[in-house]
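Here are my notes on this model. Please read them alongside the coordinates.

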Amino acid sequence: LGRSFAVHLQATPEPIVASINLDQLMQVLTNLAVNARDACSGQGTLHVAISRAIPPPSLPEAKRMPHYAVIDVSDDGPGMPQDVLDHI
């Protein structure tokens, strides 16, 4: 993504079976990576962690989906300026 911008991927060692549209997932992850790189001015790290979670019993989906996949994305950039946050 850039000479000083890195991507750190952390995935659970056990397989996670999910019903997804792979093209859409790849597009979302690509957009997140490019946006993070641009926001970090090309210097920094994008962290992507993939894990399995158990939904709380209070959710209606909990009975038919005993587990679900979680993709946690963060970067170590400076964050958004307050005037941008005010418009979100």
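The points below cover a charged pair, a residue after a helix, and a surface patch.

1. Keep in mind that this is a predicted model. Side-chain atom pairs count only at pLDDT 80 or more.

2. How many salt bridges does a search of the whole structure find? The search returns 1. Its partners are Arg37 and Asp38, whose side chains meet at 3.0 Å, N to O. Side chains of opposite charge can pair when their charged atoms come close.

3. Is either partner of that bridge buried or exposed? Asp38 is partly exposed, because its relative accessible area is 47% and the partly exposed class ends at 50%. Arg37 has 24% relative accessibility, so it also counts as partly exposed, the buried class being under 20%.

4. Asp86 lies in the segment after helix 2 (82-85). Asp86 counts as exposed because its relative accessibility is 55%, and exposed means over 50%. The side chain of Asp86 makes a polar contact with that of Gln82, at 2.8 Å.

5. How far apart are Asp86 and His47 in space? Their C-alpha atoms are 25 Å apart. In sequence, 39 residues separate Asp86 and His47.

6. Look next at the nonpolar side chains. Met80, Val84, Leu85 and Ile88 form a surface patch. Together they have about 390 Å² of accessible area. Leu85, one of the four, sits in helix 2. Leu85 is partly exposed, with a relative accessible area of 40%. That value fits the patch rule, because patch residues need over 30%.

Methods: Residues are numbered from 1 along each chain as its sequence is written. This is a predicted model: local features need pLDDT of at least 70, side-chain atom pairs count only at pLDDT 80 or more; totals for chains, interfaces and linings use all residues. Side-chain values use heavy atoms; hydrogens and water are left out. Buried means under 20% relative accessible area, exposed over 50%, partly exposed in between (1.4 Å probe, protein chains only). Helices (H or I, at least four residues) and strands (E, at least two) are DSSP runs, numbered from the N terminus. A polar contact is a pair of N or O atoms within 3.5 Å; within protein, one must be able to donate a hydrogen and the other to accept it, and residues adjacent in sequence count only if both atoms are side-chain atoms. Patches are made of residues with over 30% relative accessible area and no salt bridge: like charges are joined within 9 Å, nonpolar side chains (Val, Leu, Ile, Met, Phe, Trp, Tyr) within 5 Å. Accessible areas come from the Shrake-Rupley method with a 1.4 Å probe; for residues, only the protein chains shown count as cover.
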